Amino acid sequence: PDPSFPADRLRAPVLYASLGTVFDAGPELLRTFATALAPLGGTVIVSTGRTDPAALEPLPGNVLARRSVPQPEVLARAALFVTHGGMNSVNEAMHAGVPMLVVPQGADQPLVARRVVELGAGLSIRTGDAAAESVNALARRLLDEPRFRAAAADLRVAQREAGGYLRAADELEHYLHRTSRPADRPADRLPDRPADRPADRPADLPADRPAGWPAPADSPQER
């Protein structure tokens with residue numbers, strides 16, 4: 001836990017918004033989230049990333065804006081997560097069983113957002129449509145409709161039962177074991193020639209018959 005983070009001052013329901021650290025969301029969008037969520041939350045936490053928190057001011061009194069927050073600790077207390085849909089953030093939200101409002105910013109995030117919606121664990125909105133009124137309406141649905149919390153709880157159980165990094169390491173080792181070639185006999189190398197057979201003598205030619213002699217009638221060469 002981050003000792004500088006005022007976890008003891010958070011009031012339920014805790015609503016958390018973060019668009020990660022890669023994309024520069026800018027103060028306007030972050031301020032929109034704060035304004036939209038403030039009427040719904042006990043404490044609204046906005047992680048501003050590259051944006052100076054002071055650029056969001058003035059903010060409602062129940063909004064806490066910081067450049068970074070201990071995200072797993074916040075998600076453990078959160079009732080809702082407004083996220084850009086980065087894989088790490090979505091996985092952490094699933095691990096905590098928190099419904100999501102996904103506002104994809106780029107890269108693979110639109111696909112992640114669609115999958116969150118398909119799984120029933122959240123809703124999605126485009127950045128261009130993210131006005132305070134629309135964000136507030138979607139956030140209210142996520143808080144009021146039990147199906148979102150239930151789906152997020154199911155994902156929480158599934159993720160915790162999946163085995164985490166230890167299971168992933170086991171699966172990788174199993175795959176490598178199945179697909180690797182024996183070091184002493186690569187698959188693309190022909191079998192070694194017996195040491196007692198000359199290189200120019202056919203495999204089925206008796207040792208006492210010179211190469212080039214006719215083969216016996218029952219020789220495999222005549223079949």
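Helices α1 and α5 are oblique to each other, because their packing angle of about 50 degrees lies outside the ranges that count as roughly parallel, antiparallel or perpendicular. The model described here is predicted. Its six strands form an open sheet with parallel pairing, and helix α1 packs on that sheet.

**Helices α1 and α5**

- Helix α1 comprises residues 27-37, and helix α5 comprises residues 132-144.
- The axes of α1 and α5 lie 8 Å apart, and the crossing of the two helices is right-handed.
- On the α1 side, the contact is made by Thr 32, Phe 33, Ala 36 and Leu 37; these residues meet Ala 132, Val 135, Asn 136 and Ala 139 in α5.
- An α-helix has 3.6 residues a turn, so residues three or four places apart point the same way.
- The buried residues of α1 are Leu 29, Leu 30, Thr 32, Phe 33, Ala 34, Ala 36 and Leu 37.
- The cover over these buried residues includes α5 together with strands β1, β2, β3 and β4.

**The sheet**

- The strand order is β3-β2-β1-β4-β5-β6.
- Strands β3 and β6 stand at the edges with a single partner strand each, so one side of each has no neighbour in the sheet.
- From one strand to the next, the twist averages 15 degrees.
- Helix α1 touches β1, β2, β3 and β4, and its direction makes about 170 degrees with that of β2.

**Strand β1 and its partners**

- Strand β1 spans residues 14-18, and five of its five residues are buried.
- Val 14, Tyr 16 and Ser 18 point one way from β1, whereas Leu 15 and Ala 17 point the other way.
- Strand β1 pairs in the parallel sense with β2 (residues 43-47) over five bridges, and Val 14 stands opposite Thr 43 in β2.
- Strand β1 is also joined by five bridges to β4 (residues 78-83), with the two strands running parallel; here Val 14 stands opposite Ala 78.
- Together, β1, α1 and β2 make a right-handed β-α-β unit.

**Strands β5 and β6 with helix α4**

- Strand β5 (residues 100-102) pairs with β6 in the parallel sense over three bridges.
- Within this pair, Val 102 stands opposite Ser 124 in β6.
- Helix α4 (residues 109-118) lies across β5 and β6, and runs at about 140 degrees to β6.

Technical notes:
Residues numbered from 1 in each chain as written. Predicted model: local features only at pLDDT ≥ 70, side-chain atom pairs only at ≥ 80, totals over all residues. Heavy atoms only, no water. Buried < 20%, exposed > 50% of the residue type's maximum accessible area, 1.4 Å probe, protein only. Helix = DSSP H or I, 4+ residues; strand = E, 2+ residues; numbered from the N terminus. Pairing = 2+ DSSP bridges. Right-handed = clockwise from strand over helix to strand, strands pointing away. Axes fitted to C-alpha atoms, helices over the stretch in contact; angles between N-to-C directions. Parallel < 35°, antiparallel > 145°, perpendicular 65-115°, else oblique. Left-handed = near helix turned anticlockwise from the far one by under 90°. Contact = heavy atoms within 4.5 Å.
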